[in-house]
Amino acid sequence: MGTHAVVFTTKTRYVLPSQKFMIPVEWKRYQLSQLINKALSLTDPIPFDFLIHGEILRTSLAEWMVEKGVGEEETLEIEYFESVLPPQRLSALPHEDWVSSVSCSISQHFLTASYDGHVRLFDHSQNCIRDISAHLAPVTSVAVVSGPNTHHNSCVIASAPSQPLATLHLHTSPLTSITADSTGSTLLSASWDGNIGVWDSIVPTEDDIVPETGDRKKRRKIGGNDRPKNKAPATVLKSHTARVSKAIFALNSRRHAHSCGFDSYAGVCTNTITVAERPMLDLSLMNDGNMLLAASTDRTVSIFDLRGSELSSTIGTLMHPATPSCLVCPRTSTVPQVMVGSYDGIARLWDLRSMRSAIASFRVWEGMKILDVDWAGDTLCVGGEGGVDIWRVSQGERISTTAQT
């Protein structure tokens with residue numbers, strides 16, 4: 001089929017001397033990786049992946065050139081980088097009921113919220129070190145609030161501390177999410193009642209809202225002043241016209257936030273993204289704060305560039321064979337990746353430079369839904385109808401395209 005002129009570059013320590021290669025256009029990733037290994041005379045072979053014009057190469061060079069309209073006279077600059085092993089299952093955390101919310105925010109610990117009304121804290125040895133009976137109904141969301149008034153080894157769990165300090169009074173329907181800002185000073189609550197509550201995290205010394213008459217027996221039983229104080233919101237946001245699925249803070253901000261719901265809106269405070277007929281289930285923000293991802297019931301994840309003027313236009317769509325219920329972007333990596341959990345029990349890892357298909361996928365459970373995911377460092381926590389599974393997912397500079405589906 002012929003050859004094409006290529007120049008290889010890299011940001012790794014495996015640097016080739018600057019030179020031009022004539023590469024057979026039918027070559028794919030595997031052949032290119034072999035070439036790099038041979039040119040570097042590596043004793044132990046290292047698998048490499050390749051970026052062309054900011055996209056991971058998933059086809060042959062010939063197919064890529066036809067798709068992008070690249071002519072034979074253009075010399076291609078291809079960046080190569082080390083591949084990383086596929087995700088590995090580490091362990092499971094026992095739960096007797098569905099797990100609706102998980103968090104890796106507390107170092108070396110896993111926080112879970114369950115349909116049995118309990119909030120549990122596990123250490124990395126899978127020992128349950130705290131089991132809090134938080135509510136009589138299912139716990140739908142937890143948030144870890146950390147700030148200057150908390151010790152390095154202690155946090156306040158917003159939805160259910162072991163001894164309740166305050167209860168947030170606003171919503172008239174089930175809550176879908178509760179989130180804290182990075183300073184721990186402000187909370188956001190979202191609900192099926194269509195409202196978003198904005199709260200400070202100060203525990204009141206007196207009730208902000210007068211307890212209802214029906215609370216008197218309960219107040220005496222708890223012990224007068226020891227009962228949790230009723231707290232009122234600082235602000236109520238009423239821009240949604242249907243259920244609100246998620247509300248999160250903008251990057252390093254407690255004054256700006258993003259939300260989504262069943263009215264097909266993804267609100268950005270003063271701006272609204274309208275995506276017709278796409279009720280949204282979850283939101284996640286890339287760690288640079290520039291891209292917002294929304295999971296929808298039409299089996300897609302939509303990607304929005306918050307820097308653009310046309311917020312209603314997606315810059316990309318990740319197609320899924322089942323409804324994507326939850327998603328999370330790595331907190332520290334500079335690579336544009338997102339992990340998506342779906343109702344088919346499969347977690348899929350995407351690199352936004354290659355949106356044609358997931359770069360890795362793994363089945364967490366058979367016939368059971370994934371309801372929440374969280375990702376810290378190399379550790380992925382997955383919660384759902386099967387309980388909680390812990391996986392190792394590399395958050396290094398690159399992810400392999402050879403993961404098993």
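What follows is a walk through this structure, from the confidence of the model to its helices, strands and cores.

Keep in mind from the start that this is a predicted model. The protein has a mean pLDDT of 83, and 84% of its residues reach 70 or more. Among the elements, strand 27 (residues 324–328) has the highest mean pLDDT, 96, while helix 3 (residues 216–222) has the lowest, 45. Around that helix, residues 216–223 stay under 50, and the model gives this stretch 5 contacts beyond four places in sequence. Residues 395–405 are also below 50 in pLDDT, with 45 contacts in the model beyond near neighbours in sequence. Where pLDDT is low, the predicted coordinates should not be read in detail.

Let us begin with helix 1, which covers residues 29–40. Its 12 residues should span 16 Å at 1.5 Å a residue, and the end C-alpha atoms are 17 Å apart, which agrees. Its buried residues are Arg-29, Leu-32, Ser-33, Leu-35, Ile-36, Asn-37 and Leu-40. What do the buried residues of helix 1 pack against? Their partners are strand 1 (3–10), strand 2 (20–24), strand 3 (48–52) and strand 5 (76–82). Just after the helix, Ser-41 takes a positive phi of about 55°.

Helix 1 also leads us to the largest nonpolar core, which has 24 residues. The members that touch the most others are Phe-8, Ile-23, Ile-36, Phe-50, Leu-76 and Ile-78. At least two residues of this core come from each of strand 1, strand 2, helix 1, strand 3, helix 2 (61–68) and strand 5. Phe-8 is a good place to look: leaving aside residues up to four places away in sequence, Phe-8 touches Leu-16, Phe-21, Ile-23, Leu-32, Leu-35, Ile-36, Phe-50, Ile-78 and Tyr-80. There is also a second, separate core, with 17 residues including Ile-359, Ala-360, Ile-370 and Val-373.

Next, find strand 15 (residues 186–191), where 6 of the 6 residues are buried. In a regular strand the side chains alternate between the two faces of the sheet. In strand 15, Thr-186, Leu-188 and Ala-190 point one way, Leu-187, Ser-189 and Ser-191 point the other way, and all are buried. Strand 15 pairs in the antiparallel sense with strand 14 (residues 175–180) over 5 bridges, and Ser-177 stands opposite Ala-190. The hairpin of these two strands has 5 residues between the strands, and here Gly-184 takes a positive phi near 80°. Strand 15 pairs with strand 16 as well, again antiparallel and over 5 bridges; here Ser-189 stands opposite Gly-197. In that hairpin, with 4 residues between the strands, Gly-194 takes a positive phi near 85°.

Beyond strand 16 (196–200), the loop that leads to helix 3 holds Ile-202. Is Ile-202 buried or exposed? It counts as exposed, because its relative accessibility is 60%. The C-alpha atom of Ile-202 lies 7.6 Å from that of Ser-185, although the two residues are 17 apart along the chain.

Further along, 4 strands form an open sheet in the order 23-24-25-26, with antiparallel pairing. Strand 23 (280–285) and strand 26 (316–319) are at the edges; each has a single partner strand, so one side of each is left without a neighbour in the sheet. From one strand to the next, the twist averages 20°. Within this sheet, strand 24 (residues 291–296) and strand 25 (residues 300–305) are joined by 5 antiparallel bridges, and Met-291 has Asp-305 as its bridge partner.

Our last stop is strand 28 (residues 337–342), which is largely enclosed by the rest of the structure because 6 of its 6 residues are buried. Gln-337, Met-339 and Gly-341 cover one side, and Val-338, Val-340 and Ser-342 the other. Strand 27 pairs with strand 28 in the antiparallel sense over 4 bridges, placing Leu-327 opposite Val-340. Strand 28 also runs antiparallel to strand 29 (residues 346–351), joined by 5 bridges, where Gln-337 has Asp-351 as its partner. The hairpin of strand 28 and strand 29 has 3 residues between the strands, and in this hairpin Gly-345 takes a positive phi near 80°.

Methods. Residues numbered from 1 in each chain as written. Heavy atoms only, no water. pLDDT = per-residue confidence, 0-100. Contact = heavy atoms within 4.5 Å. Pairing = 2+ DSSP bridges. Axes fitted to C-alpha atoms, helices over the stretch in contact; angles between N-to-C directions. Buried < 20%, exposed > 50% of the residue type's maximum accessible area, 1.4 Å probe, protein only. Expected span 1.5 Å × (residues − 1). Core = buried A, V, L, I, M, F, W, Y, C linked by side-chain atoms within 4.5 Å.
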